[in-house]
Amino acid sequence: MKIELDTGLAALPLHAVTRARHRARHWTNYWQAVRSKSGFVRGCLAGTAAVALVTLIAFRLHLNLSASGSLYFLIVVMVSVVWGFWEASVTSLIAVTCLNYFFVPPILTWTITDPQNWVALATFEAAALTVSRLSTRAQGQAKAEARQRARVEKLYELGRRILFLDRRQMIGPQIVPLIQEIFGVESVALFDATLARVDATGPAADELEQLARNAYFQDSTLVGDEAHTWAHVLRLGSKPVGALALRGAQLGRLTMLPVASLTAIALERARSFQNESRAEAARQTEQLRTAVLDGLAHAFKTPLTAIRTASSGLLEAGRMSAGDHELAALIDEQAEHLNRLTTELLQMARIDADEVRLHRARVSVLTLVEDALERHRQQLHGRRIEVSDTVSSLEVYGDREILATALEQFIENASRYSTPGSPITVSGEENLGETILAIHNEGPPIRPSDRERIFERFYRAEESRHRAPGTGLGLSIAKKAAEAHGGRTWVVSEENAGTTFFFALPRGTRRQLDAVAGQGSDR
Amino acid sequence: MPSQGKVLIVDDDSSIRRALLNTLHGMGFHVEEAATGEAALQRVHEDPYDAVLLDVNMPGMGGIRTCREIRKSMPRLGILMLTVRDSENDKVMALDAGADDYITKPFNIRELAARIRAAVRRSSGSQVDPDAVIRVGDIELDPVRRLVHKAGEPVHFTPKEFDLLRYLMAHAGLPITHARLLRAVWGPEYGSELEYLRTFIRQLRKKLEETPAAPVYLLTDSHVGYRFAETGPAGSS
């Protein structure tokens, strides 16, 4: 185990600052290797050799009892530090024998009964026991520290490498081999719940895949049937986003948890990056469209302004014959019609995108009605507009510009096709999660076959083509505007009851309304 | 026909200048033209004008900056900006830069002429007596006695409603931005309380208008502010 741990570390790029620790660890490993099974014989032999050497030297130098006893004591301590208690016990037995034979008077005789022997042996044994215990504990701590350090270094390495993942690509296929490589685990499986996708590697890939799914659905940590197999749900905040399953001998729960956290962060990082890129692309498209449409508006409106200035100027000057006057009036009318068509086409283009960006805000329906009427004031020619009191308390959460445009189209449509002189009524209500506006006018009904089709672009009912000038765009703009807000439009038309257009928007939730309430609801 | 006033047209598009030059001349204005904001600045300092017609969207200095520059040296000159619809920001910026009014392209020449005449009147007229009675259509406001009559009948207003109406009527025919209105009537620390203002305007309309939903006196300029009609419902506003 220690050897594997060491090779695992060697695979890591280590910084110079950790080199000293590395060297220290080599020593620890050396002791551990020396202490292994084959070390017992070697320990006993080394102890015996040391005792023999000390005996020889001490005997030759005629050292007294206490000096030679101290030397033997030193040997026993060293053997117990290096090898352990049992090796030291053997050594102390030999040392006591030598001490008795060579140094305890009468010299060169065995005196078994002498209590000095037992005192010396007991002393040596006590020292061997104490020292070996301390030594074992120190070594155990060093081992635990080494393991801890290795784990932190691997996690650090994983964190570092996650930063270099390609966020434009899928994260799963990148991070799974990374975990396998860094932690040296046998098999890895990652279940990404958002993409409903599994990436797995190793011989137990299929089994781990199932375990990862289970961990996600049970929202917990699972222990596999076989040893060293875990699966852990990945969470961001409190929300589960997937699960990670691992099998590997060196893995413990302590490692598993931070690996799961790092993986969850990697997934989230990639996801937020993708969302950002998507939002940025949408914003740029929107900007481009706005720029093109503004350019087009300017390009069309400039010649139209010149034409209308000239035509209305001719009419104002009043120096023409009746025939000339009629021709100038025709130019003026048609220029105005062209202007209206241009405006509506541009409005259409603005909201006719798959992902129209709405500038949503809390806006009162009364404000929308005011906006619509203000724009349409000139075409109303004194038509009576009645706004019901039911509207005054209504608020919607939407794009003021687009909604006012839609309302304007309904009012314009009503004023164009209704009985001249009859009032146009705007009313509203809240019903089943929708805010519904109704624009009612009196006049001939719309044929049932036309009621759907009038919302189509450029479609104009047979009768109306001859009755009133229109572009055929207005109602389709209103429909688009409603759809952009997740709403709908429809019409109810009866012979004697007139025609009512309905415009329904999903009610903004209280939270949406409140969220913008503080920021000033209008631009 | 006597000259209705001397007007400078500033637009980078020559066809619009040509059309305006001829039609306004035909309507009795003395008209001159400039193609850029820089040229316009030079012209207004050389020659006295009654009104300037200024396009917002011009290359170079641009209409808004030109307006600000002219306004610096000529506080009373009538400035009318030409804008395109759907550019509410331009309108507010133009008014903040000191323009008296704006008109949206393409316009009816009669409406333009009416606005120019109003601008000429303001720039050439003597200082208006702030205590004089103001009459628009059948509405009459007496600032000193704080009384309002509609078609001869007295109408009651709260003090704030009266101040708001008085300010709007004193600037009849001109668009007043929300911020300016709030500051003038409620005080300099106001400026963004739009809902507040809207509530008051609704009250005024209820008391003044025949059909509050389709007002003829107290008009809304979408996204910009409010404008009190210059003439009663009979005339075109």
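Two residues are taken to be in contact if their C-beta atoms, placed from the backbone, lie within 7 Å. On that footing, and bearing in mind that this is a predicted model, 32 residues of chain A touch 27 residues of chain B. On the chain A side, at least two residues each come from H9, H10, helix H11 (residues 365-380) and strand S7 (residues 385-387). The top contributor is H9(A), which puts in 15 residues. As for chemistry, the chain A side of this interface splits into 11 nonpolar, 10 polar and 11 charged residues.

H10(A), one of the elements at that interface, is worth a look in its own right. The helix runs over residues 322-351 of chain A, 30 residues in all. From the first C-alpha to the last it spans 44 Å, close to the 44 Å expected at 1.5 Å a residue. Its buried residues are Asp332(A), Ala335(A), Glu336(A), Thr343(A), Glu344(A), Gln347(A) and Arg350(A). What do these buried residues of H10(A) pack against? Their partners are three helices of chain A: H9 (253-317), H12 (400-417) and H14 (474-484).

Now for one of those pairings in detail. Two packed helices are described by the angle between their axes and the distance between the axes. For H10(A) and H14(A), the angle is about 25° and the axes lie 10 Å apart. Since angles under 35 degrees count as roughly parallel, the two helices, H10(A) and H14(A), are therefore roughly parallel to each other. Their crossing is left-handed. H10(A) brings Glu344(A), Gln347(A), Met348(A) and Ile351(A) to the contact, while H14(A) answers with Gly474(A), Ile477(A), Lys480(A), Ala481(A) and Ala484(A). Sorted by class, that makes 5 nonpolar, 2 polar and 2 charged residues. Glu344(A) and Gln347(A) thus turn up twice, as contact residues and among the buried residues of H10(A).

Elsewhere in chain A, Ala212(A) sits in helix H8, which covers residues 205-218. Is Ala212(A) buried or exposed? Ala212(A) has 28 other C-beta atoms within 10 Å, and because the cut-off for burial is 20 or more, it counts as buried. Setting aside neighbours within four places in sequence, Ala212(A) is in contact with Ala189(A), Leu190(A), Phe191(A), Val198(A), Ala231(A), Ala243(A), Leu244(A) and Ala245(A). One of these partners, Ala245(A), lies 33 residues away along the chain, yet the C-alpha atoms of Ala212(A) and Ala245(A) are separated by 5.1 Å.

Technical notes: Residues are numbered from 1 along each chain as its sequence is written. Chains are lettered from A and ligands numbered from 1 in the order in which they are written. This is a predicted model: local features need pLDDT of at least 70, side-chain atom pairs count only at pLDDT 80 or more; totals for chains, interfaces and linings use all residues. Helices (H or I, at least four residues) and strands (E, at least two) are DSSP runs, numbered from the N terminus. A residue is buried if 20 or more other C-beta atoms lie within 10 Å of its own, exposed if 12 or fewer, and partly exposed in between; C-beta atoms are placed from the backbone. The expected span of a helix is 1.5 Å times one less than its number of residues. Axes are lines fitted to C-alpha atoms, for helices over the stretch in contact, and angles run from 0 to 180 degrees between N-to-C directions. Angles under 35 degrees count as roughly parallel, over 145 as roughly antiparallel, 65 to 115 as roughly perpendicular and the rest as oblique. A crossing is left-handed if the near helix is turned anticlockwise from the far one by less than a right angle, and right-handed if clockwise. Ala, Val, Leu, Ile, Met, Phe, Trp, Tyr, Cys and Pro count as nonpolar, Asp, Glu, Lys and Arg as charged, and the others, Gly among them, as polar.
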